[in-house]
Amino acid sequence: MDNEKKTAPQPERKKRILSCIQPSGIPTLGNYLGALKNWKTLGDEFDGAFAVADLHAITVRQEPAKLREQTLQVLALLLAIGLDPEKSILFIQSHVPAHAQLAWILNCYTQFGEMSRMTQFKDKSAAHADNVNVGLFSYPVLMAADILLYQADLVPVGADQKQHLEIARDIANRFNTLYSPTFTIPEPYIGKQGARVMSLQNPLKKMSKSDPNPKSFISVFDEPAVILKKIKSAVTDCDGKVFYGDGKDGINNLMGIYACCTGKTYDEIAAEFDGQGYGVFKTAVGEAVVEELRPVREQYAHLLNDKAYLKEVAAKGAERASRVADRTLQKVMKKVGFVLP
Ligand code: TYM
């Protein structure tokens, strides 16, 4: 009997997906196509844990009332894109203390030089020269803690987070080698299209929710008329031909957006708009984006009015997340030599 137990095949552990989004503004089409859309697809297939990263958001000064409001808005958005809170773990990062605890420990296993090389730190410290705080500097370590606490196999993100994923892998490998295998080494999941949606006003810059020019980004909650108008005024070139190529950054960006929303290839798009000019193409892109975001916007409007439900989802999510995260944290505390409480 005992023998049978030992040899019985173990059910294979489902892959764990983890990702987070900052509530530092209203999410954009870039966040949606680069990350959230993939969260939904992967969350249906694997064990998902998805968080609103409010601890990360305060590395840049936030207005408290606005931060609170945006945190619940982003949580509502996670539900609106179709993530199921019974299946995936949906939570608010600051509700799970293990994130800050593990981040502190991992800070002591990360080198100053490694953090100094992070391009996002360089960009953000230039943009917020009056507030280059230590949190902004060690931001990637907190991100590593987010990922490693859940033993995530796969982390769906946009291309801008690739360097942070690499450092999370380095930190995990270092800890595993110093002690013994503790953390799963996470793989980034970066979609082929939509991984880098660019600003509509400057296609050499990433579309960002913190861009001061609202014409540069589409918010996932923008009304259809606003979306159409913003796409119409997107910066392109004077060549007038729709195809993907060098020096056509504005058109390349719109083609990427259209491809994500319709599933068409660049060749199919070029054939569809052959000889038609940018006006017709921009209208089609705008309409495709409106249709892509319509169900999200409708669901969201519904959910945001139900604050009690959102708080209930957050509370249940934090409880489930803590169960997983605390298990990893205990292991780490034991390995580094802390006396367990
Ligand atoms: P955040 O809040 O800036 O963005 C959330 C997700 O959206 C992706 N993204 C984009 N993708 C394509 N084109 C764009 N223009 C674009 N802008 C943003 C981001 O790559 C991201 O996947 N540090 C993270 C949040 C975070 C996190 C984590 C992510 C905290 N802890 C752990 C993964 C795992 C961030 O600032 O994302």
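**Exercise 1. Split the chain into its domains and say how far apart their C-alpha centres lie.**

Start with the domain assignment of this predicted model: domain 1 takes in 16–194 + 307–336, and domain 2 covers 214–302. Next, go from centre to centre: the C-alpha centres of domain 1 and domain 2 are 29 Å apart. Then look at who does the touching: domain 1 puts 14 residues into the contact, and domain 2 puts in 17 residues.

**Exercise 2. Work out how helix α4 and helix α14 cross, and which residues make the contact.**

First, find the pair: α4 spans residues 64–80 and α14 spans residues 277–304. Their axes come within 8 Å, with a crossing angle of roughly 130 degrees. Now classify that angle: over 145 would be roughly antiparallel and 65 to 115 roughly perpendicular, so α4 is oblique to α14. As for handedness, the crossing of α4 and α14 is right-handed.

On to the residues. From α4 come Leu 72, Gln 73, Ala 76, Leu 77, Leu 79 and Ala 80. Facing them from α14 are Val 296, Gln 299, Tyr 300, Leu 303 and Leu 304. Sort the set by type and you get 9 nonpolar, 2 polar and no charged residues.

**Exercise 3. Place Gln 161: where does it sit, is it buried or exposed, and what does it touch?**

Begin with the chain: Gln 161 is in the loop that runs between β4 (154–156) and α10 (162–178). Then check accessibility: the relative value is 13%, and the cut-off for buried is under 20%, so Gln 161 counts as buried. Finally, set aside neighbours within four places in sequence, and Gln 161 has contacts with Gln 120 and Met 143.

Notes
Residues numbered from 1 in each chain as written. Predicted model: local features only at pLDDT ≥ 70, side-chain atom pairs only at ≥ 80, totals over all residues. Heavy atoms only, no water. Helix = DSSP H or I, 4+ residues; strand = E, 2+ residues; numbered from the N terminus. Buried < 20%, exposed > 50% of the residue type's maximum accessible area, 1.4 Å probe, protein only. Contact = heavy atoms within 4.5 Å. Axes fitted to C-alpha atoms, helices over the stretch in contact; angles between N-to-C directions. Parallel < 35°, antiparallel > 145°, perpendicular 65-115°, else oblique. Left-handed = near helix turned anticlockwise from the far one by under 90°. Nonpolar A, V, L, I, M, F, W, Y, C, P; charged D, E, K, R; others polar. Domains from an automatic or database assignment.
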